Amino acid sequence: MHLSLRQLQIFSAIAEAGTTTAAGEAIGLSQSAVSAALSELESLLGLPLFDRVGRRLVLNGHGRALLPEARALLAGMTDIERRFSTGKEAIAPVRWRVGASTTIGNYLMPARIADLLEINPQAHVDLVIGNTREVTTAVQRLEVDIGLIEGPNHEPGLEVAEWRDDELVIVFGERHPLAADLRQGADLAQLRRACWLLREPGSGTREAAEHALLPHLHGFAEVLQLGGTEAIKQGAVAGLGLACLSRHAVADLVALGKLRVLATPLPLLSRRLWLVRHPGKRVPASLRQLLALPEDVFVDR
C-alpha cells in the first residue's frame, strides 16, 4: 500500500466540498484528476469512502473513520513545513488559528495577541470565537490549532490541560427594581428569588454560573436567557436581572458605574479555564508565547 498525502488532501477536500468539481476548484486540480485520485485511494484501501447521492459524494462509515486521521496527518505536514522552513521559529512568519470561547476571546486574548506581535511582528493570529461546544468541535475537526474554553470538554479524544483561573462576580444595574436594596448587599433568600440573566446551554459562561451558584441557591426562580455576554451585560445595565460573569468581562461597565458588584454571603466564586488540542497538533514556541504556556504543558515526546 502506498498512500500519499496528496490523496488524503484530495479526500479531505471532497469531504468538505461534497463534489469532485468543487473539491478540484478548492485545491487547484481538474475534476478528472480529483476523481482519479479518489478512485486510486479507494482501490488502495479496498473500501468505498463515499456514498454517491445524486451528484454529491457523502461520507460513509469508512470515510467518516478516515477523515480525522487524514486531517491529523495533513495538520502534521503543515506543522513540519512551518517548523523547518526556517531555523528561527520564534521570529518566523507564522499564522495561528485559535478557537476561544466568548469571554476568553473577547476579554483575554486581544492583549495576548498584542504581546505576541511585540515579540514577533510577523506573526498573525486568527481568533475564532464561539461557545465552548463550538470551540471543542472546531478543535476536533482540526479547524483551529488550539482551543481555549470556559467549561468542560465533552468531545472525545482531545487532550485537555489547565490554563488559568478566572474570578466570577455577581453584578446588577442601577435600573434594577431593587437597586437601592442591592447596594447594601443580598442574602441567599434574595438571590434565590432573583431573576438571573444566563447564556444558552452549551456556553461555558452558563455552565460556570450554574456550577458556582446552584450548590448554594438550589435552583433559579426565574431565568432570562440571552445569547451572548454583551447582551447579558446590557441586560443587567437595563435592570432585567442579576448576572454572574467573569470580572474581566464586566470591568469596563463597573469602572463606568453602569454595573455594580453585588456583595453576598457566597464564597469567592471562580472557574477554571482550559486548553484543548487535537493529539495530531503540536504546540510550537510562538504558540506557547501567545498563551504563556509552561514548558510542561502539551509536551510532545
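**Entry 1. Glu143 and its partner**

I began with Glu143, which forms a salt bridge with Arg141. In this predicted model the closest N and O atoms of that pair are 3.2 Å apart. I then looked up how far each side is covered. Glu143 has 35% relative accessibility and so counts as partly exposed. Arg141 has a relative accessible area of 36% and is partly exposed.

**Entry 2. Arg260 and Glu174**

Next I took the salt bridge between Arg260 and Glu174, where the closest N and O atoms lie 2.3 Å apart. Which parts of the chain does this pair tie together? I found Arg260 in strand E10 and Glu174 in the loop between strand E6 (159-173) and helix H7 (179-182), so the pair ties together parts that are 86 residues apart in sequence. I checked cover here as well. Arg260 is partly exposed at 39% relative accessibility, and Glu174 is partly exposed with a relative accessible area of 32%. I also noted that salt bridges with shared partners join Glu16, Arg71, Arg141 and Glu143 into one network.

**Entry 3. Arg95 and Asp126**

How many salt bridges are there by the rule used? I have the count as 18. One pair I looked up is Arg95 with Asp126, with the closest N and O atoms 2.9 Å apart. This pair links distant parts of the chain, since Arg95 sits in strand E3 (residues 94-101) and Asp126 in strand E4 (residues 123-130), 31 residues apart. Arg95 has 49% relative accessibility, which makes it partly exposed. The cut-off for exposed is over 50%, so Arg95 falls in the class in between.

**Entry 4. Strand E3 and its neighbours**

Arg95 led me to strand E3. I asked how E3 and E4 pair, parallel or antiparallel. They pair in the parallel sense, over 8 bridges. Within this pairing I noted that Ser101 stands opposite Gly130 in E4, and that Ala100 stands opposite Ile129 in E4.

I then looked for other partners of E3. Strand E5 (residues 146-149) is joined to E3 by 3 bridges, and the two run parallel. Here Ala100 stands opposite Leu148 in E5. I therefore have Ala100 written down with a residue opposite in E4 and with one opposite in E5.

For the connection, I noted that E3, helix H5 (residues 102-119) and E4 make a right-handed β-α-β unit.

Is E3 mostly enclosed or open? I found that 6 of its 8 residues are buried, so E3 is largely enclosed by the rest of the structure.

**Entry 5. The chain as a whole**

I closed with the totals. The chain has 12 helices and 11 strands. I put the C-alpha trace at about 75 × 50 × 30 Å along its principal axes. Of the 301 residues, 47% count as buried. The accessible surface comes to about 14,800 Å², and 53% of that belongs to carbon and sulfur atoms. Taking contacts between residues at least 6 apart in sequence, I noted that 73% join residues at least 24 apart.

**Entry 6. Confidence**

Last, I looked up the confidence of the prediction. The chain averages a pLDDT of 89, and 95% of the residues score at least 70. Where is confidence lowest, and where is it highest? It is lowest in helix H4 (residues 61-84), at a mean of 82, and highest in strand E10 (residues 259-261), at 97. Arg260 of the second entry lies in strand E10.

Terms used: Residues are numbered from 1 along each chain as its sequence is written. This is a predicted model: local features need pLDDT of at least 70, side-chain atom pairs count only at pLDDT 80 or more; totals for chains, interfaces and linings use all residues. Side-chain values use heavy atoms; hydrogens and water are left out. pLDDT is the predictor's confidence in each residue, from 0 to 100. Helices (H or I, at least four residues) and strands (E, at least two) are DSSP runs, numbered from the N terminus. A salt bridge is a side-chain nitrogen of Lys or Arg within 4 Å of a carboxyl oxygen of Asp or Glu. Buried means under 20% relative accessible area, exposed over 50%, partly exposed in between (1.4 Å probe, protein chains only). Two strands pair if DSSP finds at least two bridges between them. A crossover is right-handed if, with the strands pointing away from the viewer, the path from the first strand over the helix to the second runs clockwise. Contact means heavy atoms within 4.5 Å. Accessible areas come from the Shrake-Rupley method with a 1.4 Å probe; for residues, only the protein chains shown count as cover.
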